[in-house]
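Dear colleague,

I am handing over the structure we spoke about, and it is placed just below so that you can have it open while you read. My notes on it come after that.

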Amino acid sequence: MPAIETAPLLLGVVALLGYLLGAVPFGIVMARLFGLGDLRKIGSGNIGATNVLRTGNKLAAFLTLVLDAGKGGIAVLIARAAVGEDAAQLAGFAAFLGHLFPVYLGFKGGKGVATFLGTLLALAWPVGLAACGTWLAVAVALRYSSLSALVAAALAPVWALLLGHGNMTVLGALLAVLIYIRHAANIRRLIAGTEPKIGKKERTT
């Protein structure tokens, strides 16, 4: 992340607003709007787009994906326009933490993949596109959303370096570590061969 020169109080406001935006649980909102029930009691119980897709409602899943990505991107763009470049990464990181630990849901949130990708796209679109392309390539080839996310997260700092955005490598690495932590159960299921594939509809729990 770049050196911070903006007043600490202003950066604190940026972080707080970014967090509150990121904490909005759009998966749960979409599930309720489409009459799908409580998303936390469906499939894996996760609040992200992949679990919404397990309900069989592709539109709700698509809207969740766009909105979860958008809140990371919007946090970055607003912070950049209002404060400057030194606040943009902070806002994106705060939005990502908001999705993982939302105050509105007792700090029990999602895994942050869409917000991660939206944040990268807003910070440096070539890096974001490379990460999205990595996710898509793995998803098409193997049809595991979790594995796609893990590979995309691991390669994000590499893409940042290769594409001339070295100032993003620390942030990319931090986000990747958090994504791996949040996917610990998925990693165990991938190893065991029990991880569900993309689009598999699951009964409620």
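What follows is an account of how some of the helices pack, with a few remarks on single residues.

This is a predicted model, in which local features need pLDDT of at least 70 and side-chain atom pairs count only at pLDDT 80 or more, while totals for chains, interfaces and linings use all residues. Residues are numbered from 1 along each chain as its sequence is written, and side-chain values use heavy atoms, with hydrogens and water left out.

Helices and strands are DSSP runs numbered from the N terminus (H or I of at least four residues for a helix, E of at least two for a strand). I begin with helix H9, residues 169-182, whose 14 residues should span 20 Å at 1.5 Å a residue, and whose end C-alpha atoms are indeed 20 Å apart; the expected span is 1.5 Å times one less than the number of residues. Its buried residues are Thr169, Leu171, Gly172, Leu175, Ala176, Leu178 and Ile179, where buried means under 20% relative accessible area, exposed over 50% and partly exposed in between, with a 1.4 Å probe and protein chains only. The cover over these buried residues of H9 includes helix H5 (85-100), helix H6 (113-123) and helix H8 (145-162).

Within H9, Ile179 is buried, with a relative accessible area of 0%. Ile179 touches Phe96, Lys111, Phe116, Ala149 and Ala153, leaving aside residues up to four places away in sequence, contact being heavy atoms within 4.5 Å. The C-alpha atoms of Ile179 and Leu150 are separated by 7.2 Å, although the two residues are 29 residues apart along the chain.

Turning to the helix pairs, two packed helices are described by the angle between their axes and the distance between the axes. Axes here are lines fitted to C-alpha atoms, for helices over the stretch in contact, and angles run from 0 to 180 degrees between N-to-C directions.

H8 and H9 pack at an angle of about 170°, with their axes 8 Å apart, and are therefore roughly antiparallel to each other (angles under 35 degrees count as roughly parallel, over 145 as roughly antiparallel, 65 to 115 as roughly perpendicular and the rest as oblique). On the H8 side, Ala149, Leu150, Val151, Ala153, Ala154, Pro157, Ala160 and Leu161 meet Thr169, Gly172, Ala173, Ala176, Ile179 and Tyr180 of H9. By class, this contact of H8 with H9 has 12 nonpolar, 2 polar and no charged residues; Ala, Val, Leu, Ile, Met, Phe, Trp, Tyr, Cys and Pro count as nonpolar, Asp, Glu, Lys and Arg as charged, and the others, Gly among them, as polar.

H5 and H6 also pack at about 170°, with axes 9 Å apart, which makes H5 roughly antiparallel to H6. Ala88, Gln89, Gly92, Ala95, Phe96 and His99 of H5 make the contact with Thr115, Phe116, Thr119 and Leu123 of H6, and these residues divide into 5 nonpolar, 5 polar and no charged.

H6 and H8 pack at an angle of about 35°, with their axes 11 Å apart. Their contact joins Val113, Phe116 and Leu120 of H6 to Ala149, Ala152, Ala153 and Ala156 of H8, with 7 nonpolar, no polar and no charged residues.

Finally, two loop residues have positive phi without being glycine: Phe107, at about 65°, lies in the loop between H5 and H6, and Arg143, near 60°, lies in the loop between helix H7 (125-142) and H8. Arg143 is partly exposed, with a relative accessible area of 40%.

With best regards
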